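Here is a short briefing for a first look at this protein. Keep the structure open while you read.

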Amino acid sequence: MRNLIHRYLEHLEGERNVSPETMRAYERDLLRFHRFVAHDFLGTEPTPKDVDALAVRSFLAAMTREGLAKRSQGRALAAVRSMFRYACREGILAANPAQGVRTPKVPITLPRHLRPGEVENLMEAPDVAGDTPLAHRDRAILELLYAAGLRVSELVGLDWRNIDLSARVLRVIGKGRKERMVPFGRPAGDALRRWLEEWEAIRAKGGPWGDDEDPVFLNRLGGRLTDRSVRNILDKWVDSAAVAKGVHPHTLRHTFATHLLENGADLRTIQELLGHASLSTTQKYTHLEVERLLSVYRDSHPRARREE
């Protein structure tokens, strides 16, 4: 089965052009599955034909005993199912042993989103701290995360050539190397222009640079900012603005989507802006918004509070 895992990962990398992060996740989950079947289920090195539905269900049960979250279990099952689907297409197997195994039900949860007042306090925090180049950079980071709903990996991967400041629209490469165009508002545009005035001097500290290297967000030494650095920057300004703990870059992405929904945007538009491959991923926002409305109704309406 090791050979099948290797071939499948090569297929993902070469033909489906998945991101490095996705590749690592698939490899981790498939090797976990291999270890379970070889050591815990069969006690010997398996071939693909040795795996049946019972082995896959036992794998899920083992992950439950280990305390893995339902979401992690579902991701691992999806990797196993996809690998065996590939094996069927290649003629290695006649049937997919994971096809009929039910995906663990994941509770619909999202990180908290910020209310408009909290967003304003957070956006203004770098300006309050002082008129410095890095404060201008940080304001642009916060504005763009909220204005465009970007993933942090998409944010740090941006180059200036991907941004049209006059039209206030950017081109981003998301999951699965899928390209999408995302608009942003005037506050984000103004913050980017202010940062651009400082950018060249900081960029000159790094290098040597190629002609096509123009990362939007730089560290103090002129190199491209990393995911972790953005998280640290956000933590700093969350503390400064006295916003509740537990705010991460993805919180601003959820805030972006939730505020669009609350103000009348349709799900298809939100799906396109977020870069979700499936509408079902976006529909969780509807579920949570309905739950919020019902909660407000039950707490506020006199008839709703009446005991039966």
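What percentage of the 308 residues of the protein count as buried? The figure is 42%. The model is a predicted one. It holds 13 helices and three strands. Among contacts between residues at least 6 apart in sequence, 57% join residues at least 24 apart.

**The sheet**

- The three strands form an open sheet in the order S1-S2-S3, with antiparallel pairing.
- S1 and S3 are the edge strands, and each pairs on one side only.
- Strands of a sheet pair through backbone hydrogen bonds, either parallel or antiparallel.
- S1 covers residues 163-164 and pairs with S2 over two bridges, in the antiparallel sense.
- Ile163 has Leu170 in S2 as its bridge partner.
- S3 covers residues 179-183 and is joined to S2 by five bridges, again antiparallel.
- Ile173 stands opposite Glu179 in S3.
- Val169 stands opposite Pro183 in S3.

**The two hairpins**

- S1 and S2 make a hairpin with four residues between them.
- Arg168 lies in that turn and has a positive phi of about 55°.
- S2 and S3 make a hairpin with five residues between them.
- Gly176 lies in the turn between S2 and S3, with a positive phi of about 70°.

**The two faces of S2**

- In a regular strand the side chains alternate between the two faces of the sheet.
- S2, residues 169-173, shows alternating side chains.
- Leu170 and Val172 point to one face and are buried.
- Val169, Arg171 and Ile173 point to the other face and are not buried.

**Phe184, just past the sheet strands in the listing**

- Phe184 sits in the loop between S3 and helix H8, which spans 186-203.
- Is Phe184 buried or exposed? Its relative accessibility is 5%, so Phe184 counts as buried, the cut-off being under 20%.
- Phe184 touches residues of the first hairpin, including Ile163, Arg168, Val169 and Leu170.
- Other contacts of Phe184 include Leu144, Ala147, Gly189 and Leu192.
- Phe184 and Ala148 are 36 residues apart in sequence, yet their C-alpha atoms are 5.5 Å apart in space.

**Helices H2 and H3**

- Two packed helices are described by the angle between their axes and the distance between the axes.
- H2 spans residues 20-41 and H3 spans residues 53-65.
- Their axes come within 10 Å and cross at roughly 105°.
- That angle falls in the range of 65 to 115 degrees, so H2 is roughly perpendicular to H3.
- On the H2 side, the contact is made by Asp29, Arg32, Phe33, Phe36 and Phe41.
- On the H3 side, Leu54, Ala55, Val56, Ser58, Phe59, Ala62 and Met63 meet them.
- The contact residues divide into nine nonpolar, one polar and two charged.

**The two sides of helix H11**

- Which residues of H11, residues 267-274, are buried? They are Leu267, Ile270, Gln271, Leu273 and Leu274.
- These buried residues cover an arc of only 165° around the axis, so they lie on the same side of H11.
- The face turned away from that buried side carries the exposed residues Arg268 and Glu272.
- An α-helix has 3.6 residues a turn, so residues three or four places apart point the same way.

Conventions: Residues are numbered from 1 along each chain as its sequence is written. This is a predicted model: local features need pLDDT of at least 70, side-chain atom pairs count only at pLDDT 80 or more; totals for chains, interfaces and linings use all residues. Side-chain values use heavy atoms; hydrogens and water are left out. Axes are lines fitted to C-alpha atoms, for helices over the stretch in contact, and angles run from 0 to 180 degrees between N-to-C directions. Angles under 35 degrees count as roughly parallel, over 145 as roughly antiparallel, 65 to 115 as roughly perpendicular and the rest as oblique. Contact means heavy atoms within 4.5 Å. Ala, Val, Leu, Ile, Met, Phe, Trp, Tyr, Cys and Pro count as nonpolar, Asp, Glu, Lys and Arg as charged, and the others, Gly among them, as polar. Buried means under 20% relative accessible area, exposed over 50%, partly exposed in between (1.4 Å probe, protein chains only). Two strands pair if DSSP finds at least two bridges between them. The arc is that of the directions from the helix axis to the C-beta atoms.
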